[in-house]
Amino acid sequence: MPRLLSFAPDCRPIVIRKTINYNFSVIIVGGSSSRALTAHLAAETGSAVASTEIRCFPDGEKYVRVLTPVVKQDVIIVSATYPDSNIIETLFLFDAVRRGRPNSVRLLIPYYGYQRQDKLFKEGESIGAEVVAGILDGKFDEIITIDLHAEGVSNYFRKTKIRNFIASPLIARYYNKAGIDIVISPDGGLRAVEYAKLAAHQLGCEYDYFLKERIDANNVKLYPKKVDVSKKSVLIVDDIIATGGSMLAAMKRLSELGASAIYAGCTHGQFTNDALPRLKEHAKEIISTDTIESEASKVSVAAIVSEHLFQLKR
Ligand code: R5P
C-alpha cells in the first residue's frame, strides 16, 4: 500500500521514508515562530541551522541579523506569517539572507496567516490571503506550505512556485497503535474530506464526515448526519483548530452516536483561549503538528519538507 497519496490539485504527492537524515545540505534560517520545526528539519536533513539574532527594540520594532555566511548556499527560511509580527520578521529574514548572496532562497511557511480570508465573504472586505501573497510573491525561488486552507490561496502567487503538502497522514501515523477504526472529518468540504481520506488510507481503515455550518467565529452547527461509529474508536482530523468549536461539536456528536474512544489531531493548532483544555475533556488524546508550536505539537512536518528537499537535490 503506498504510504501517502494526494489528489487536491495544488497538493503534491509525497512518500515519507522511514530513514531520517538524508545527508544533503541546505542552510536553515529559522524564524522565532518555528524554533522546534527548524531543529527537526535540521535533524532530518543533516543541515546546519544558521546563527541568527532576532529581537524587538524597546518600541516593538523587529531587529533581525543572520550571522552565518550564506554566499552561494541553498537557503531555506522557516517562518510563519502568523501572528502579524512574523510577516515583518519573514521579510527581514529574506532581506538579510538575500544580501549574503545565496544560490537560492526557499521559504517554508508552516502556518500561512490570513489563509481563511481567501475570498470576499461580504462586500467591502479585504482579502487577507491575497494581500499576504502579494507581499511575498516574486521574492523566493519556491514557497513551501502545509495544508493551505483553500486552493485559492496558492493562486494568488503569480511569480513564485508554491508547493503545498498535506500533513494528515503524519497525524494518522502518530495514532498507528491506538486501534483506530474510522477517521472522521468534522466538515464536508472537499479538502477536509481529503484529509480524512488520506489519514484513513495511512491507517488502513474507513472514513466519513459531518456536514458543518459556521454560524460565527465561535459557533458551528453540525447537521445531524449519521456516521456509523457505534462502539468504534474514532480519529477526528482537521486542518486548523482555532476556537475549538468545530472539533468540540464533532466530539459531542460522536459521543451521542456511541463512539467508544475519541482521538483528535489537527495540522495547525492555534488553540485560542482555553480551546485545548476544553477539548481534552472530550477526547482520549488531542495532538497537532509543529506548524504552530504548542504543548500539543507531537508530530513534526519536517519529514514532509525534508523529503521534498531531498527530491530537489537528486
Ligand atoms: C474550517 O473550515 C477549518 O477547516 C477548521 O475546521 C476551522 O478553522 C476550525 O475553527 P474552530 O476551531 O474555530 O472551529
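**Loops, sheets and a ligand site**

Asn273 is found in the loop that runs between β14 (261–269) and α8 (275–280). This is a predicted model, so everything below is about computed coordinates. The backbone at Asn273 does something a bit unusual for its residue type: phi is positive, about 50°, although Asn273 is not a glycine. As for its surroundings, Asn273 is exposed, and its relative accessible area comes to 78%.

Lys72 tells a similar story in another loop, the one between β4 (62–66) and β5. Lys72 is not a glycine either, yet it has a positive phi of about 60°. Is Lys72 buried or exposed? With a relative accessible area of 71%, Lys72 counts as exposed because the cut-off for that class is over 50%. A further backbone detail turns up past β5, where Tyr82 and Pro83 are joined by a cis peptide bond with omega at about -15°. Pro83 itself belongs to the loop between β5 (74–78) and α2 (85–98).

Back to β14, the strand that precedes the Asn273 loop. β14 is mostly covered, with 9 of its 9 residues buried. One of its neighbours is β13 (residues 233–241), which runs parallel to β14 and is joined to it by 8 bridges. Within this pairing, Gly269 of β14 has Ile241 standing opposite. To get from β13 to β14 the chain passes through helix α7 (residues 245–256), and this β-α-β crossover is right-handed. The other pairing to mention is with β15 (residues 285–289): β14 and β15 are parallel too, over 4 bridges. Here Gly265 has Ile287 of β15 as its bridge partner. The route from β14 to β15 goes through α8, again as a β-α-β crossover that is right-handed.

A separate piece of architecture is an open sheet of 6 strands. What is the order of its strands? Reading across, the order is β2-β1-β5-β6-β7-β8, and the pairing is parallel. The edges are β2 (48–49) and β8 (162–165), each of which pairs on one side only. At the β2 end, β1 (residues 27–30) pairs with β2 in the parallel sense over 2 bridges. There, Ile28 stands opposite Val49 in β2. As a general reminder, the strands of a sheet pair through backbone hydrogen bonds, whether parallel or antiparallel.

Next come the side chains, beginning with the aromatics. Searching the whole structure gives 6 aromatic pairs. Among them are Tyr174 and Tyr175, with ring centres 5.1 Å apart and planes at 85°, so this pair is edge-to-face. Those two tyrosines sit in rather unlike settings: Tyr174 is partly exposed at a relative accessible area of 32%, whereas Tyr175 is buried at 2% relative accessibility. Ring pairs also bring in Tyr263, making a cluster of Tyr174, Tyr175 and Tyr263.

Arg55 is worth a look for anyone who keeps an eye on cation–ring geometry. Its charged end sits over the ring of Phe57, 5.6 Å from the ring centre. The charged end of Arg55 also sits over the ring of Tyr63, with 4.3 Å to that centre.

Then there is Lys62, a charged residue placed in strand β4. Is Lys62 buried or exposed? Lys62 has a relative accessible area of 15%, so it falls under the 20% cut-off and counts as buried. The Lys62 side chain makes a polar contact with the side chain of Glu89, at 2.4 Å.

Finally, the ligand. In total, 14 residues surround it, and the closest are Asp238, Asp239, Thr243, Gly244 and Ser246. Which side chains place a polar atom by an oxygen atom of the ligand? Arg214 is one of them, with a side-chain N or O atom 2.9 Å from a ligand oxygen. For Lys212, the distance from a side-chain N or O atom to an oxygen atom of the ligand is 3.0 Å. Arg116 contributes as well, with a polar side-chain atom 3.3 Å from an oxygen atom of the ligand.

Terms used. Residues are numbered from 1 along each chain as its sequence is written. This is a predicted model: local features need pLDDT of at least 70, side-chain atom pairs count only at pLDDT 80 or more; totals for chains, interfaces and linings use all residues. Side-chain values use heavy atoms; hydrogens and water are left out. Buried means under 20% relative accessible area, exposed over 50%, partly exposed in between (1.4 Å probe, protein chains only). Rings of Phe, Tyr and Trp (its six-membered ring) pair if their centres lie within 6.5 Å; planes under 30 degrees apart count as stacked, over 60 as edge-to-face and the rest as tilted. A charge sits over a ring if NZ of Lys or CZ of Arg is within 6 Å of the ring centre and within 35 degrees of the ring normal. Two strands pair if DSSP finds at least two bridges between them. A crossover is right-handed if, with the strands pointing away from the viewer, the path from the first strand over the helix to the second runs clockwise. A residue is near a molecule or strand if one of its heavy atoms lies within 4 Å of it. A polar contact is a pair of N or O atoms within 3.5 Å; within protein, one must be able to donate a hydrogen and the other to accept it, and residues adjacent in sequence count only if both atoms are side-chain atoms.
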